[in-house]
Amino acid sequence: MEDTYIDSLDPEKLLQCPYDKNHQIRACRFPYHLIKCRKNHPDVANKLATCPFNARHQVPRAEISHHISSCDDKSCIEQDVVNQTRNLGQETLAESTWQCPPCDEDWDKDLWEQTSTPFVWGTANFCSNNSPANNIVMEHKSNLASGMRVPKSLPYVLPWKNNGNAQ
């Protein structure tokens, strides 16, 4: 049993395609091949059913109920379901002990206590408090070399703009 399990996990193992018996596919590529070959052989695909426990199992429709009752992958799925229901029961019993941390912030109060004017991009800031620099205009700093300026428009016309010309 253990050798069969290890053998089924080998990505280089060759598997026979259920749609074309001449196709021998490596296990790591088998799911991709099944999709491609199912499209190429719709007549065979209509005669086969996919196992609900392992999509790699393509079984004749007449034998699917027998396969479902005896599929090796069924036990893995059933064990997962049992484990999930056990864990679900344990999780509902555990209550959270998390508490909200105390909050010392009051944003409304901070807003009313704020004495400086809000920052607005592209406007000159004036100092409004009673500092010595009361009437000095704060100038924008630029990283451009002297004699250079920022362009006032884009260097090209956008394709969806037609400058008012009707086409």
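This report describes the fold, the charged groups and several individual residues of a predicted model.

**Overall fold**

The protein chain has 167 residues, of which 13% are buried. Its secondary structure amounts to 6 helices and 6 strands. Read from the N terminus, these elements follow the order α-β-β-α-α-β-β-α-α-α-β-β.

**Charged groups**

The structure contains 1 salt bridge. Its partners are the side chains of Arg26 and Glu12, with an N to O distance of 3.4 Å. Arg26 belongs to strand β2 (residues 24-26), while Glu12 sits in the loop between α1 (2-9) and β1 (14-16), so the pair ties together parts that are 14 residues apart in sequence. Arg26 is partly exposed, because its relative accessibility of 36% falls between the limits of 20% for buried and 50% for exposed. Glu12 is also partly exposed, at 46% relative accessibility.

A patch of negative charge lies on the surface, where Asp104, Glu105, Asp106, Asp108, Asp110 and Glu113 gather. One of these residues, Glu105, is placed in the loop between α5 (72-93) and α6 (107-113). Glu105 counts as exposed, with a relative accessibility of 55%.

**Residues in helices α4 and α5**

His67 is part of helix α4, which covers residues 64-70. With a relative accessible area of 17%, His67 is buried; the cut-off for that class is under 20%. The side chain of His67 makes a polar contact with another histidine side chain, that of His57, at 3.2 Å.

Ser75 lies in helix α5 and is partly exposed, its relative accessible area being 45%. A polar atom of the Ser75 side chain is 3.1 Å from the backbone oxygen of Asp72. Ser75 is also 9.2 Å from Phe53, C-alpha to C-alpha, although the two are 22 residues apart in sequence.

**Residues in loops**

Lys47 occupies the loop between α3 (42-45) and β3 (48-50). Is Lys47 buried or exposed? It is exposed, with a relative accessible area of 61%. Between Lys47 and Arg61 the C-alpha distance is 6.0 Å, and their separation in sequence is 14 residues.

Pro18 is found in the loop between β1 and β2. Pro18 counts as buried, at 15% relative accessibility. The C-alpha atom of Pro18 is separated by 8.9 Å from that of Ala45, which is 27 residues away along the chain.

**Pairs separated in sequence**

The C-alpha distances given above are collected here.

| Pair | Separation in sequence | C-alpha to C-alpha distance |
|---|---|---|
| Lys47 and Arg61 | 14 residues | 6.0 Å |
| Pro18 and Ala45 | 27 residues | 8.9 Å |
| Ser75 and Phe53 | 22 residues | 9.2 Å |

**Burial and position**

The residues discussed can also be grouped by burial. Pro18, in the loop between β1 and β2, is buried at 15%, and His67, in helix α4, is buried at 17%. Lys47 and Glu105 are exposed, at 61% and 55% respectively. Ser75 in helix α5 is partly exposed at 45%, as are the salt-bridge partners Arg26, at 36%, and Glu12, at 46%.

Conventions
Residues are numbered from 1 along each chain as its sequence is written. This is a predicted model: local features need pLDDT of at least 70, side-chain atom pairs count only at pLDDT 80 or more; totals for chains, interfaces and linings use all residues. Side-chain values use heavy atoms; hydrogens and water are left out. Patches are made of residues with over 30% relative accessible area and no salt bridge: like charges are joined within 9 Å, nonpolar side chains (Val, Leu, Ile, Met, Phe, Trp, Tyr) within 5 Å. Accessible areas come from the Shrake-Rupley method with a 1.4 Å probe; for residues, only the protein chains shown count as cover. A salt bridge is a side-chain nitrogen of Lys or Arg within 4 Å of a carboxyl oxygen of Asp or Glu. Lys and Arg count as positive and Asp and Glu as negative; His and the chain ends are not counted. The place of a charge is taken as NZ of Lys, CZ of Arg, CG of Asp or CD of Glu. Helices (H or I, at least four residues) and strands (E, at least two) are DSSP runs, numbered from the N terminus. Buried means under 20% relative accessible area, exposed over 50%, partly exposed in between (1.4 Å probe, protein chains only). A polar contact is a pair of N or O atoms within 3.5 Å; within protein, one must be able to donate a hydrogen and the other to accept it, and residues adjacent in sequence count only if both atoms are side-chain atoms.
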